[in-house]
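Subject: Model for your review

Dear colleague,

I am passing on the structure we spoke of, together with some notes on what came out of going through it. Please look at it yourself before you read on.

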Amino acid sequence: MSKRYTMALDLKNDPTLIAEYEKYHQAVWPEIQKSIKDAGIHVMEIYRWENRLFMIMETDKDFSFEKKAAMDAINPKVKEWEDLMWTYQQGLPGISEGEKWQVMKKVFEL
């Protein structure tokens, strides 16, 4: 059985930076796509409203954020991508400096 995660993050509120961020996501580097799949993520979608991002991830049952973080830590291409993306991103209000995607709490289901 797969698991679903929903996450949020903000972009810097600059139309030029937002356009560049979207352009990168039209052609995500193959090494990044591989690292996502290798971590057990089957579906990843990112949506944007203004400068707020919303991500849906569907993963295999063995997926964990700790395992993904450990894999990412030893992958120089992922580090390069994350550093590049951080030039466009900013943390959500009220979270610690440097924190990125935040898992959202489900409040309703039909």
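The notes below go through the strands, the helices and then a few single residues.

Please keep in mind throughout that this is a predicted model.

Strand pairing

Strand β3, residues 52–59, pairs with β1, residues 3–11, in the antiparallel sense, and 8 bridges are found between them. Within that pairing, Asp-10 stands opposite Arg-52 of β3. Strand β3 is also joined to β2, residues 41–49, again by 8 bridges and with the two strands running antiparallel. Two positions can serve as reference points here: Met-44 stands opposite Met-57 in β3, and the bridge partner of Glu-45 in β3 is Ile-56. When you inspect these strands, it may help to recall that side chains in a regular strand alternate between the two faces of the sheet.

The turn that links β2 and β3 deserves a separate look. The hairpin has 2 residues between its strands, and Glu-50 lies in that loop between β2 and β3. What is notable about the backbone of Glu-50 is its phi, which is near 55° and therefore positive in a residue other than glycine. As for solvent, Glu-50 has 47% relative accessibility and so counts as partly exposed, a class that lies between the limits of 20% and 50%.

Helix packing

Packed helices are described by the angle between their axes and by the distance between those axes. Helix α4, residues 76–86, takes part in two such packings, of which one is with α1, residues 15–26: the axes come within 10 Å and cross at roughly 155°. Because angles over 145 degrees count as roughly antiparallel, α1 is placed in that class relative to α4. On the α1 side the contact is made by Tyr-21, Tyr-24 and His-25, and on the α4 side by Trp-81, Leu-84 and Met-85. Sorted by class, this contact has 5 nonpolar residues and 1 polar residue, with no charged residues.

The other packing is with α2, residues 30–38, whose axis is 9 Å from that of α4, at an angle of about 110°. That angle falls in the range of 65 to 115 degrees, so α2 is roughly perpendicular to α4. Here Glu-31, Ile-32 and Ser-35 of α2 meet Lys-77, Val-78 and Trp-81 of α4. The residues of this contact divide into 3 nonpolar, 1 polar and 2 charged. Trp-81 is thus listed in the contact with α1 and again in the contact with α2.

Phe-63 and Lys-68

Phe-63 lies in the loop between β3 and α3, the latter spanning residues 65–73. Is Phe-63 buried or exposed? Its relative accessibility is 3%, and since the limit for buried is under 20%, Phe-63 counts as buried. Leaving out residues up to four places away in sequence, Phe-63 touches Lys-3, Tyr-5, Ala-39, Gly-40, Ile-41, Met-57 and Lys-68. With Gly-40, which is 23 residues away along the chain, the C-alpha separation is 5.6 Å.

Lys-68, one of the residues that Phe-63 touches, lies in helix α3. At 14% relative accessibility, Lys-68 too falls under the 20% limit and therefore counts as buried. Beyond four places in sequence, the contacts of Lys-68 are with Ser-35, Ala-39, Ile-41 and Phe-63.

Lys-100 and Gln-102

Lys-100 lies in the loop between β4, residues 89–90, and β5, residues 102–103. The side chain of Lys-100 makes a polar contact of 3.1 Å with the side chain of Gln-89. Apart from neighbours within four places in sequence, Lys-100 is in contact with Ala-8, Leu-9, Glu-82, Met-85, Trp-86, Gln-89 and Ile-95.

Gln-102 lies in strand β5, and its side chain is joined to that of Glu-99 by a polar contact of 3.2 Å. With neighbours within four places set aside, Gln-102 is in contact with Thr-6, Met-7, Ala-8, Leu-92 and Ile-95. Gln-102 and Gly-91, 11 residues apart in sequence, have their C-alpha atoms 8.8 Å apart. Ala-8 and Ile-95 appear among the contacts of Lys-100 as well as among those of Gln-102.

With best regards

Key. Residues are numbered from 1 along each chain as its sequence is written. This is a predicted model: local features need pLDDT of at least 70, side-chain atom pairs count only at pLDDT 80 or more; totals for chains, interfaces and linings use all residues. Side-chain values use heavy atoms; hydrogens and water are left out. Helices (H or I, at least four residues) and strands (E, at least two) are DSSP runs, numbered from the N terminus. A polar contact is a pair of N or O atoms within 3.5 Å; within protein, one must be able to donate a hydrogen and the other to accept it, and residues adjacent in sequence count only if both atoms are side-chain atoms. Contact means heavy atoms within 4.5 Å. Axes are lines fitted to C-alpha atoms, for helices over the stretch in contact, and angles run from 0 to 180 degrees between N-to-C directions. Angles under 35 degrees count as roughly parallel, over 145 as roughly antiparallel, 65 to 115 as roughly perpendicular and the rest as oblique. Ala, Val, Leu, Ile, Met, Phe, Trp, Tyr, Cys and Pro count as nonpolar, Asp, Glu, Lys and Arg as charged, and the others, Gly among them, as polar. Two strands pair if DSSP finds at least two bridges between them. Buried means under 20% relative accessible area, exposed over 50%, partly exposed in between (1.4 Å probe, protein chains only).
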